[in-house]
Amino acid sequence: LETEELNRPGTVVERQQLSRGPDYEIDYDRGTLLFRQPVSAIDANPLGPALVRRIVVTYQVEDFTAGGNLYAGRVQYRAPGLPGSLLGATLLYEDQGMRDFSLYGFDALIPLGENGRIVGELARSSLTTDVFNRSGMAYRLEASGTLLDGISGRAYLSSTERGFDNTATTSFRPGQTRWGAQLQARVGEQTQFRARFDQETNDGPTPEVITDLAGLLRPGIDPVLGAPVDNTLTTVQAGVTQQIGSATLGVDFVNRNRRDRTTDLSTSSNQLVSRFNLPISGNLDFVAQSELNLGAEQDILYPTRNLVGLEWAVQPGVTMRLAQQFLSGGAIGPRSITSLDTIANYELGDNTTLTNRYSLAGGFNGMTGQGAIGLNHRLTLTPGLRANFSFERIYSDGFGTTGAGDQFAQPFAVGAGASALAPQDSTAYSVGLEYTGDPDFQASARAEHRTSNSGDNLVLSAAAAGRITPSLTGLMRFQHANFANQTITGILGDSTNLRLGLAYRDPGSDVFNALLSYEFRNNPSSTPDSILIGVGSGSQDHTLGIEAIYAPDWRWEFYGRYGLRASNATLADDFRFGNAIHLGQLRATYRFAYRWDITGEARWIGQPAVGYGETGYALEAGYYLNPDLRLGVGYSFGRAQDGSFIGGGESRSAGGLYLGLTVKVNQLFNAFGAEPLPETVPDP
């Protein structure tokens, strides 16, 4: 997950790595991700810039029509006499037939005393396809630390050329250069001075605004390029914070110089930003902020804004704020917004987490209000039984124009096209139950609903596992879902998956063991394809499997297995079909000596609806080199009968010798995979 400034694509302020399993799971039937916890699209507060959270996915695509090779390596060195230092080099080369990609880079981390460091990165990429060739550089240099006692600073320079590519990394904006510096100094016991200079330049083509479904589902890993941009935003800010008794007063002067060379438009605006905080009681503060535009010329993204509010410290770590905002100027005229929010997410108690965020999201087409309200509550009903509730509301779409180009509704953005993404109005809530009161049985169930301008989505899930009797263990998993996305609506039906399993094994006897599994899938593997757009589709699969082992003594072992898969599909009102496949297997083993055995086996697979059947037989002798390693030699033969053969009803047969090797891995290699866990060392 990446969090960046909404109006300044490429300005990433936070990255969070997620892991499959604990954080999310993949629904391959839908081609979607299902997060285990709510993920908000907006993360900001009224006193700061608008931030947007995006999902960044790195993946590979199986393509059976073209091969490829990938070579990569990295080397790094840490200087023994310089703790914390790092020098590294990375190389990647990818050959995909008509598409060749190479990337190499160097990076360094040099510490400067205890509180400072220098970070540098340099990379170059080259991409060659049957359509175009391009290459580019990207680099970053940053220095931060304490300059003198009470004075700290940071300077940075980063640039990405428009021809730079990297489809296996976090998002970035090609053609963007940023440089600047920040300085903080304590000039007295109650006074602090700060200054900041930042310049951002955007050039090169932007992602094309695409509104038709065929264009949005266009295959490929490169965004469709649209109109170019060529603009610069320069921000100069200086201010002071003064402590006056228990009150805090801050005043900043901000100059923004925006120049768009494609339209020959330039603006230079000045704002006076004042902040005042006055404690009313021990945990209640009065806050006020004024962002006053000076002069007739104003920046369309930053109108005059005045805010008054109350901040309540609910408990250490969380502050709730009630604020009233008044906006004037810019592109929207007078407007007022009331918000209730928390400054940080925090657990209000052992069972409740309250989250609430509000932000202002603006573009060249005006300022819009955006926000998110969330509530997560865990309620213990009885010992071992817990209920979960959550609610989140995001209001007002955030599509607009930024220095990186236009933002528009789209289901996903490939490559470096993230600058065209924007949040959308939506509401989501969920309720769930969890039972963990019995060590031999656990269960959970959850229902989620999401609604937005792109439609509704309902997610139902349930799971249970545990011992039914001392000899019988069962498990169940159910999931029903569709997808929630921008612009893709009404194409696919809901996807349902139900799995049931039973295992029988008597703890006091190993004579008989059995397994049973059943799976039902509705609309499996129906990710949209161009030929199916606008055509109704649906399919169901039923899969049943039974297998058992019976060993009355050490000489005899009998094994049987049966499998059934029944499928039916509807591609149109007049095109339906169904099919059923059966599989049967029987095997008997007789151990006539300590190291020798003989095995006979028969298998059958058939599709009665189409007149197809295939039988196979095998006779095998085995010799045990040790109890966990067996060599076998045998002869197999069989016959296939298919009504589609030439002449109808004809068959074919085949047979021959084979060699087999059976290994019990965990015993052969010093209990590999079954080693006892190390004892936990208790904390002192």
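Over the face of which ring does Arg591 lie at 4.0 Å from the ring centre? I looked this up before anything else and found that the ring is that of Tyr624. I then noted that Arg591 also lies over the face of Tyr594, there at 5.8 Å from the ring centre. I keep in mind throughout that what I am reading is a predicted model.

**Entry: the chain as a whole**

I counted through the protein chain and noted two helices and 39 strands. The chain has 684 residues, of which 33% count as buried. I looked up its surface as well, and the chain exposes about 38,600 Å², with carbon and sulfur atoms supplying 58% of that area. For the contacts between residues at least 6 apart in sequence, I wrote down that 47% join residues at least 24 apart.

**Entry: aromatic pairs**

I described each ring pair by two values, since a pair of aromatic rings is described by the distance of the centres and the angle of the planes. The count of aromatic pairs comes to 11. I took up Trp556 and Phe558 from among them, whose ring centres are 5.4 Å apart and whose planes stand at 5°, so the pair is stacked, an angle under 30 degrees being what that word requires. Trp556 is partly exposed, with a relative accessible area of 34%, and Phe558 likewise counts as partly exposed, at 34% relative accessibility.

I turned next to Trp596 and Tyr623, whose ring centres lie 4.9 Å apart with the planes at 55°, so this pair is tilted. I noted that the pair links distant parts of the chain, with Trp596 in strand 36 (residues 596-607) and Tyr623 in strand 37 (residues 612-626), 27 residues apart. Both residues are partly exposed, Trp596 at 40% relative accessibility and Tyr623 at 29%.

I also followed the ring pairs onward from Trp556 and Phe558, and found that they link these two residues with Tyr550 and Tyr590 into a cluster.

**Entry: Val511 and its contacts**

Where is Val511 found? I located Val511 in the loop between strand 31 (495-505) and strand 32 (512-522), and at 31% relative accessibility I recorded Val511 as partly exposed. Leaving aside the neighbours of Val511 within four places in sequence, I listed its contacts as Ile549, Tyr550, Ala551 and Pro552. Tyr550, which I had already met in the ring cluster, is 39 residues from Val511 in sequence, yet the two are 5.7 Å apart in space, C-alpha to C-alpha.

**Entry: a sheet with strands 1, 2 and 5**

I ended with an open sheet of three strands, which has the order 2-1-5 and antiparallel pairing. Strand 2 (12-15) and strand 5 (51-54) stand at the edges, each with a single partner strand, so one side of each is left without a neighbour in the sheet. The twist averages 20° from one strand to the next.

How many bridges join strand 1 to strand 5? I found four bridges between strand 1 (residues 2-5) and strand 5, which run antiparallel. I noted for comparison with the picture that strands of a sheet pair through backbone hydrogen bonds, either parallel or antiparallel. In this pairing I could place Glu2 opposite Arg54 in strand 5.

Definitions and conventions:
Residues numbered from 1 in each chain as written. Predicted model: local features only at pLDDT ≥ 70, side-chain atom pairs only at ≥ 80, totals over all residues. Heavy atoms only, no water. Buried < 20%, exposed > 50% of the residue type's maximum accessible area, 1.4 Å probe, protein only. Contact = heavy atoms within 4.5 Å. Areas by Shrake-Rupley, 256 points an atom, 1.4 Å probe, with all protein chains shown as cover. Phe/Tyr/Trp six-rings, centres within 6.5 Å; stacked < 30°, edge-to-face > 60°. Lys NZ or Arg CZ within 6 Å of the ring centre and 35° of its normal. Pairing = 2+ DSSP bridges. Axes fitted to C-alpha atoms, helices over the stretch in contact; angles between N-to-C directions.
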